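User: Could you pick out one part of this structure and look at it closely with me? I would like a connected account that also takes in the surroundings of that part.

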Amino acid sequence: MSLFYRLAYRVGFAPWEHAAQHPAAAAQIAALFEREERERTRPFGHALDLGCGTGQWSVKLATRGWQVTGIDLVRSAIDQARQRAHAAGVNVAFVTGDVAALRACGIEPGFGLFWDFGTLHGLSQSARRAVGKELDALASPNATLLTLAWAPGWRGPLPRGASRADIEGAFANWRVIDDGAFDATGLPRPLRRVAPRFYRLRFGGHC
């Protein structure tokens, strides 16, 4: 998958970036962020954007009052993310690295929110378990993970998706506290066919 993403950004094929700009998608995600913020007071604390790409959501979270770190393995995407944050006038720490080796990238504990707009569902189950161990080490008590996943299926080079059982198996020390369909109305047809869902997990559910 890493080679696929590097090539995709190089040729400008990044439908996940375009989907994030769609008004319906943006509204749903804003509602997810608002729900997290209702449980906190400003400043909201530290958020980690897993597979941040060009930093759209990292910047959104920063403008909302989060202290944000974004990580992605594609250096060109990280370069664009830094430019985006600078243009928006917000401070975001961007890191080039593997989401399955967060601590090796110098990322330190203390995160109350982990955000994933479709990175984890493209990993193998063993890689997702590795991410789970990393998040266990970096999470604050009662931290939240928000993750978007397509329904499982074969889609060539595109993500194969992940079921709720896959997610629960990868994040054994987390508990799914919400599971809802993502409304893909108006998005490109391939994205309407994958039955995307958002899962909200809370750290410590099985500890």
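Analyst: Happy to! Let me start with a term we will need: a residue is called buried when its relative accessible area is under 20%, exposed when it is over 50%, and partly exposed in between. Please also keep in mind that this is a predicted model.

The part I have picked is the sheet. It is an open sheet of seven strands with mixed pairing, and its order reads E3-E2-E1-E4-E5-E7-E6. At its edges lie strand E3 (92-96) and strand E6 (174-181), each of which pairs on one side only. From one strand to the next, the twist averages 15 degrees. As a general reminder, the strands of a sheet are held in pairs by backbone hydrogen bonds, in a parallel or an antiparallel manner.

Let us zoom in on one pair inside that order. Strand E4 (residues 111-116) and E5 run parallel, with five bridges joining them. One place to look is Asp116, whose bridge partner in E5 is Thr147. Both Asp116 and Thr147 turn up again in the lining of the largest cavity, alongside Leu120, His121, Arg128, Ala149, Ala162, Ile167 and Phe171. That cavity holds about 40 Å³ of space, and the structure has one cavity of 30 Å³ or more. Sorted by class, its lining is made up of five nonpolar, two polar and two charged residues.

Staying with E5, have a look at Asn142, which sits in this strand (residues 139-149). Its phi is positive, about 65 degrees, although Asn142 is not a glycine. Asn142 counts as exposed because its relative accessible area is 53%, and the cut-off for that word is over 50%.

Another positive phi in a residue other than glycine belongs to Ala195, with a value near 50 degrees. You will find Ala195 in the loop between helix H8 (189-192) and strand E7 (197-203). With a relative accessibility of 44%, Ala195 falls between the two cut-offs and so counts as partly exposed.

Now for the way into strand E1. The loop between helix H3 (23-38) and strand E1 (45-50) contains Pro43, and the peptide bond joining Arg42 to Pro43 is cis, with omega about -10 degrees. Phe44 is in the loop between H3 and E1 as well. A relative accessibility of 12% is why Phe44 is counted as buried. Phe44 also offers a link across the sequence: Phe44 and Gly112 are 68 residues apart along the chain, yet their C-alpha atoms are 8.4 Å apart in space.

Further along the chain comes helix H4 (residues 56-63), which is mostly covered, with six of its eight residues buried. Those buried positions are Gln56, Trp57, Ser58, Val59, Leu61 and Ala62. Just after H4, Gly65 has a positive phi of about 110 degrees.

Finally, a word on the cysteines. Searching the whole structure turns up zero disulfides. Cys52 has a relative accessible area of 7% and is therefore buried, whereas Cys105, at 28%, is partly exposed.

If you want a route for your own viewing, begin at the bridge between Asp116 and Thr147, turn to the cavity that both residues help to line, and then follow E5 to Asn142.

Notes:
Residues numbered from 1 in each chain as written. Predicted model: local features only at pLDDT ≥ 70, side-chain atom pairs only at ≥ 80, totals over all residues. Heavy atoms only, no water. 1 Å grid on protein atoms, 1.4 Å probe; cavity = no way out; pocket = protein on both sides within 12 Å on 5 of 7 lines; lining within 4 Å. Points joined across faces, edges and corners; volume = space filled by probe spheres on them. Nonpolar A, V, L, I, M, F, W, Y, C, P; charged D, E, K, R; others polar. Disulfide = S-S within 2.5 Å. Buried < 20%, exposed > 50% of the residue type's maximum accessible area, 1.4 Å probe, protein only. Helix = DSSP H or I, 4+ residues; strand = E, 2+ residues; numbered from the N terminus. Pairing = 2+ DSSP bridges. Axes fitted to C-alpha atoms, helices over the stretch in contact; angles between N-to-C directions.
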